[in-house]
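Colleague: Could you take me through one part of this model in detail, namely the largest pocket?

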Amino acid sequence: EHGSKVARPLRLPWCDAVQLGVDRVVLKSGRSQYVKEVREWLMLWGTLPSHSGANTSAGVITRQEVASMVPAALLNVQHHHAVLDLCAAPGSKTLQVLEGLYTSWRDSGLPSPSPHPHNTPPSSSLTIPHTALSRNGPSGVIVANDLSAKRAYGLAARAKPVGSPTASLLVICHHAQIIPS
């Protein structure tokens, strides 16, 4: 890091991402003020754990290698798709697919989910029939599997800061060859 140039962040429109000008090794252990500020920013807004190990982040962004973004970008997930991710942990691609599911749904113009899915919102006198509730969000689902319970739990913890979109995410722990029906 010392004496080396840091490249400017590069926008990657094909996957709606930004490539940072530092690699993961420098990002993790770099001592320059710029790298420290980028690392702290990622811990605040991303899905990275803090120095204490607690996940106190906002879940707004995810750090991911560019090569790992290709599969989810090529899938072009739509709001009605069902996606099975057989080796899902640590979860970067799973969260990218989840974002695609919700982005497609949001762009489709379908109704927004109610903040109180089983109740009528307090400010409304309109009663929402239970059958209509399933249309208040993407009809698709992502099943994220990992053989390791520890890794599956880590994936679920990593997805938690994302919030309501995780209603379309199911994390399971099975051998990928024998997923129960």
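Modeller: Sure, starting with what lines it: 25 nonpolar, 12 polar and 9 charged residues make up the lining of the largest pocket. Here Ala, Val, Leu, Ile, Met, Phe, Trp, Tyr, Cys and Pro count as nonpolar, Asp, Glu, Lys and Arg as charged, and the others, Gly among them, as polar. Bear in mind that this is a predicted model, where local features need pLDDT of at least 70 and side-chain atom pairs pLDDT 80 or more, while totals for chains, interfaces and linings use all residues. Residues are numbered from 1 along each chain as its sequence is written, and side-chain values use heavy atoms, with hydrogens and water left out.

The volume of the largest pocket is about 1,400 Å³. Of its 46 lining residues, Cys15, Asp16, Ala17, Thr62 and Glu99 sit closest to the centre. A pocket is an open set of points on a 1 Å grid over the protein atoms alone, where a 1.4 Å probe fits, with protein on both sides within 12 Å along at least five of seven lines; lining residues have an atom within 4 Å of a point. Points are joined across faces, edges and corners, and the volume is the space filled by probe spheres set on them.

Two or more lining residues come from each of strand S2 (17-19) and helices H1 (24-29), H2 (33-45), H3 (66-75) and H4 (92-108). These are DSSP runs numbered from the N terminus: helices are H or I, at least four residues, and strands E, at least two. H4 has the largest share of the lining, 13 residues.
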